[in-house]
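Biologist: This structure is new to me, and I'd like a close look at one single part before I take in the rest. Please keep it relaxed and spell out your terms.

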Amino acid sequence: MAFLAVSQEFEGACCENLSIKSLSPDFHLRECIGHFNLYLDVEDEPFVCYGASVFKNNENKTYLYRSKYGTWIIGKTLGKVKKGALIRSHDDEKDKFALVCPCGVEKWQARNGESWKNDDSIRIMIRRNKKVF
């Protein structure tokens, strides 16, 4: 297995609001699905993890962040690859480049005990801000 050297230089995400869904009615990691918003500090600056923006689901207290290997993780412990990681991206091209924003991820894996299983039911969608005129 080869790992990509991920740049630590920050490059902001193209999206601010994302929605993670599962097409499976019996999806076992319900705490990982829902709305994720760009995670900002008290000065409205984005939290950064391994050179990419962090997203947070305030309802479920889960994070969506890039790992040191360039994969995107949904988990309970920000920045960790193993501890608290429940879902991870699994794109075929991960050894060639790291995505700046998770909206481009097409393939995901879900933790099943100590192993990872491909999960074709997981979808990520860009949520647009609602504008009232």
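Let's start with K80: where along the chain is its place?

Modeller: K80 sits in the loop between β7 and β8. A quick word on what you're looking at: this is a predicted model, in which local features need pLDDT of at least 70 and side-chain atom pairs count only at pLDDT 80 or more, while totals for chains, interfaces and linings use all residues. Residues are numbered from 1 along each chain as its sequence is written, and side-chain values use heavy atoms, with hydrogens and water left out.

The names β7 and β8 come from DSSP: strands are runs of E with at least two residues, helices are runs of H or I with at least four, and both are numbered from the N terminus. Here β7 covers 72–75 and β8 covers 85–89.

How open is K80? With a relative accessible area of 42%, K80 is partly exposed. That label is for values between two cut-offs: buried means under 20% relative accessible area and exposed means over 50%, using a 1.4 Å probe and protein chains only. The areas themselves come from the Shrake-Rupley method with that 1.4 Å probe, and for residues only the protein chains shown count as cover.

Setting aside neighbours within four places in sequence, K80 is in contact with Y65, I73 and A85; contact means heavy atoms within 4.5 Å. Let's follow one of those partners, I73. I73 lies in strand β7, and it counts as buried because its relative accessible area is 1%. Apart from residues up to four places away in sequence, I73 touches Y63, L64, Y65, S67, K80, A85, I87 and R88. So Y65 and A85 turn up in the contacts of I73 as well as in those of K80, given the 4.5 Å contact rule. I73 also has P102 at a C-alpha to C-alpha distance of 9.2 Å, with their positions 29 residues apart in sequence.

Now back to K80 and its charge. K80 joins K68, K82 and K83 in a positive surface patch. A patch takes residues with over 30% relative accessible area and no salt bridge, joining like charges within 9 Å (for nonpolar side chains, namely Val, Leu, Ile, Met, Phe, Trp and Tyr, the limit is 5 Å). A salt bridge would be a side-chain nitrogen of Lys or Arg within 4 Å of a carboxyl oxygen of Asp or Glu. Lys and Arg count as positive and Asp and Glu as negative, with His and the chain ends not counted. Each charge is placed at NZ of Lys, CZ of Arg, CG of Asp or CD of Glu.

Two members of the patch are worth a look. K68 is 12 residues from K80 along the chain, and their C-alpha atoms are 8.7 Å apart. K82 is in the loop between β7 and β8, and it counts as exposed because its relative accessibility is 70%.

Stepping back, the chain has 0 helices and 11 strands. Of its 133 residues, 40% count as buried. Among contacts between residues at least 6 apart in sequence, 48% join residues at least 24 apart. The chain exposes about 8300 Å², and carbon and sulfur atoms supply 49% of that.

Two other loops have a backbone feature to check. Most residues other than glycine have a negative phi. K61, in the loop between β5 (55–57) and β6 (62–66), has a positive phi of about 55°. D44, in the loop between β2 (34–38) and β3 (48–49), has a positive phi near 60°. K61 is exposed, with a relative accessible area of 53%, and D44 is exposed too, at 58%.
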